Amino acid sequence: MPAKSKAQQKAAGAALSAKRGETKKSELRGASKDMYESMSENQLEDFASTKRKGKPEHVKK
């Protein structure tokens, strides 16, 4: 599943970094913290690898 916005893609990248042990879990905030707890590493890779070109910064709910 691709990310729908740049912000979602960035949050997934931060959560993925923490999952891999590259950054501390305590440094995560907001959406990235929720993603860390609820998604697998493979799901985070799918979100984080989404191309940013043409994506809006944020998507309204």
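## A tour of a three-helix chain

Start with the whole chain on screen: for 61 residues, a compact globule would have a radius of gyration near 10 Å, and the protein chain has 11 Å, which agrees. Keep in mind as you go that this is a predicted model. If you align the view to the principal axes, the C-alpha atoms fill a box of roughly 30 × 20 × 15 Å.

Next, switch to a cartoon and colour by secondary structure. You will find three helices and zero strands, in the order α-α-α along the sequence.

Now select residues 41-48, which form helix α3. Show the side chains of L44, F47 and A48: these are buried. Turn the view until you look down the axis of α3; its buried residues fall within an arc of 90°, so they line one face of the helix. A handy reminder here: an α-helix has 3.6 residues a turn, so residues three or four places apart point the same way.

What covers that face? Add residues 6-19 and 30-38 to your selection: the cover over the buried residues of α3 includes α1 and α2.

Zoom back out and colour by burial. Of the 61 residues in the protein chain, 28% are buried. Then draw the contacts between residues at least 6 apart in sequence; 60% of them join residues at least 24 apart.

Finish with the surface. Its accessible area comes to about 4,500 Å², and carbon and sulfur atoms account for 48% of that. Colour the charged side chains last: there are 15 positive and 8 negative ones, and the centres of the two sets lie 7 Å apart.

How values were computed: Residues are numbered from 1 along each chain as its sequence is written. This is a predicted model: local features need pLDDT of at least 70, side-chain atom pairs count only at pLDDT 80 or more; totals for chains, interfaces and linings use all residues. Side-chain values use heavy atoms; hydrogens and water are left out. Buried means under 20% relative accessible area, exposed over 50%, partly exposed in between (1.4 Å probe, protein chains only). Helices (H or I, at least four residues) and strands (E, at least two) are DSSP runs, numbered from the N terminus. The arc is that of the directions from the helix axis to the C-beta atoms. Contact means heavy atoms within 4.5 Å. The radius of gyration is taken over C-alpha atoms; the globule rule is 2.2 Å times the number of residues to the power 0.38. Accessible areas come from the Shrake-Rupley method with a 1.4 Å probe; for residues, only the protein chains shown count as cover. Lys and Arg count as positive and Asp and Glu as negative; His and the chain ends are not counted. The place of a charge is taken as NZ of Lys, CZ of Arg, CG of Asp or CD of Glu.
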